[in-house]
Amino acid sequence: IRDRTGSEESCSDTGWEITTEGGLYRGRMEFTCTTRLSDPRVSGPASGEYHLACGGPAACLYWGDYEIVGPDGTWVGTWSGLGEPAGGASFNVTTEGTGDYTGWTFMAVLREPFDGTPAAVHGLIFEGAPPPQDAFTPAG
């Protein structure tokens, strides 16, 4: 296991679809980015779905699907995190490999500043399945 570091940059998205219900803000959008990490297996086009639930302007829960297309396979999984719309967020990413990466897992932490600078990424690639996790979907 070795640390994989780099950034997620050159992102574009479909724009937020926001709804408000009982003081809770919910949103959804799709995104594409380019990951540039120290390991080429996890460098390339990244895409996914981005959901949020906010109780107000101070803090939000974020979650969704995540995929990175590497040169010899694809990493497919999910992510979730907590943050402030004005201050940035941290996300935990868990993906499983396909193609030549079958049987391997990539897990990472992304720090997204929400100020236009690339998100910092720190992660690990290891052989085997990811640890058990419950699906994350906020109630409400």
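Select Val42 and display its surroundings: beyond the residues up to four places away in sequence, Val42 touches Thr35, Leu37, Ile68, Trp75, Phe106 and Ile125. The model on the screen is a predicted one. Val42 itself sits in the loop between β3 and β4. Is this residue buried or exposed? Its relative accessibility is 0%, so Val42 counts as buried. For a sense of scale, add Gly81 to the selection; this residue is 39 residues from Val42 along the chain, and the two C-alpha atoms are separated by 20 Å.

**The strands on either side of the loop**

Next, select β3 (24-37) and β4 (44-54). These strands form a hairpin, with six residues between them. They run antiparallel and are joined by 11 bridges. To view one of the pairings, highlight Gly27 and its bridge partner Leu52, which belongs to β4.

Keep Leu52 highlighted and bring in β5 (60-69). Here Leu52 stands opposite Tyr62, a residue of β5. The pairing of β4 with β5 is antiparallel as well, and extends over seven bridges. How many of the 11 residues of β4 are buried? The number is eight, so β4 is largely enclosed by the rest of the structure.

**The aromatic pairs**

Now show the rings of Phe, Tyr and Trp. The whole structure contains 10 aromatic pairs. One of them joins Trp75 and Tyr101, which are stacked, with 4.9 Å from centre to centre and 10 degrees between the planes. Trp75 belongs to strand β6 (residues 74-84), whereas Tyr101 lies in the loop between β7 and β8; the pair thus links distant parts of the chain, 26 residues apart. Both of these residues, Trp75 and Tyr101, are buried. Trp75 has already appeared on this tour, among the residues that Val42 touches.

Move next to Trp79 and Phe91. Their rings form an edge-to-face pair, at 4.7 Å centre to centre and with 75 degrees between the planes. Trp79 is in strand β6 and Phe91 in strand β7, so the pair ties together parts that are 12 residues apart in sequence. Trp79 and Phe91 are both buried.

Extend the selection to Trp16, Phe31, Tyr50, Tyr62 and Tyr66: together with Trp79 and Phe91, these residues are linked by ring pairs into a cluster.

**A residue of β7**

Select Thr94, which is placed in strand β7. With 10% relative accessibility, Thr94 counts as buried. Which residues is Thr94 in contact with, leaving aside its neighbours within four places in sequence? They are Val76, Gly77, Thr78, Phe106, Met107, Pro130 and Gln133. Phe106 is also one of the residues touched by Val42.

**The largest pocket**

Finally, display the largest pocket, which holds about 500 Å³ of space. Its lining consists of 28 residues; those that lie nearest its centre are Cys11, Met29, Tyr50, Glu112 and Phe114. Tyr50 is familiar from the ring cluster.

Colour the lining by residue class to see 19 nonpolar, four polar and five charged residues. Then colour by strand: β1 (3-13), β3, β4, β5, β7 (88-97) and β8 (104-112) each supply at least two residues of the lining. Which strand gives the most to this lining? It is β1, with six residues.

Methods
Residues are numbered from 1 along each chain as its sequence is written. This is a predicted model: local features need pLDDT of at least 70, side-chain atom pairs count only at pLDDT 80 or more; totals for chains, interfaces and linings use all residues. Side-chain values use heavy atoms; hydrogens and water are left out. On a 1 Å grid over the protein atoms alone, a cavity is a set of points where a 1.4 Å probe fits but cannot get out, and a pocket is an open set with protein on both sides within 12 Å along at least five of seven lines; lining residues have an atom within 4 Å of a point. Grid points are joined across faces, edges and corners, and a volume is the space filled by probe spheres set on the points. Helices (H or I, at least four residues) and strands (E, at least two) are DSSP runs, numbered from the N terminus. Ala, Val, Leu, Ile, Met, Phe, Trp, Tyr, Cys and Pro count as nonpolar, Asp, Glu, Lys and Arg as charged, and the others, Gly among them, as polar. Buried means under 20% relative accessible area, exposed over 50%, partly exposed in between (1.4 Å probe, protein chains only). Two strands pair if DSSP finds at least two bridges between them. Contact means heavy atoms within 4.5 Å. Rings of Phe, Tyr and Trp (its six-membered ring) pair if their centres lie within 6.5 Å; planes under 30 degrees apart count as stacked, over 60 as edge-to-face and the rest as tilted.
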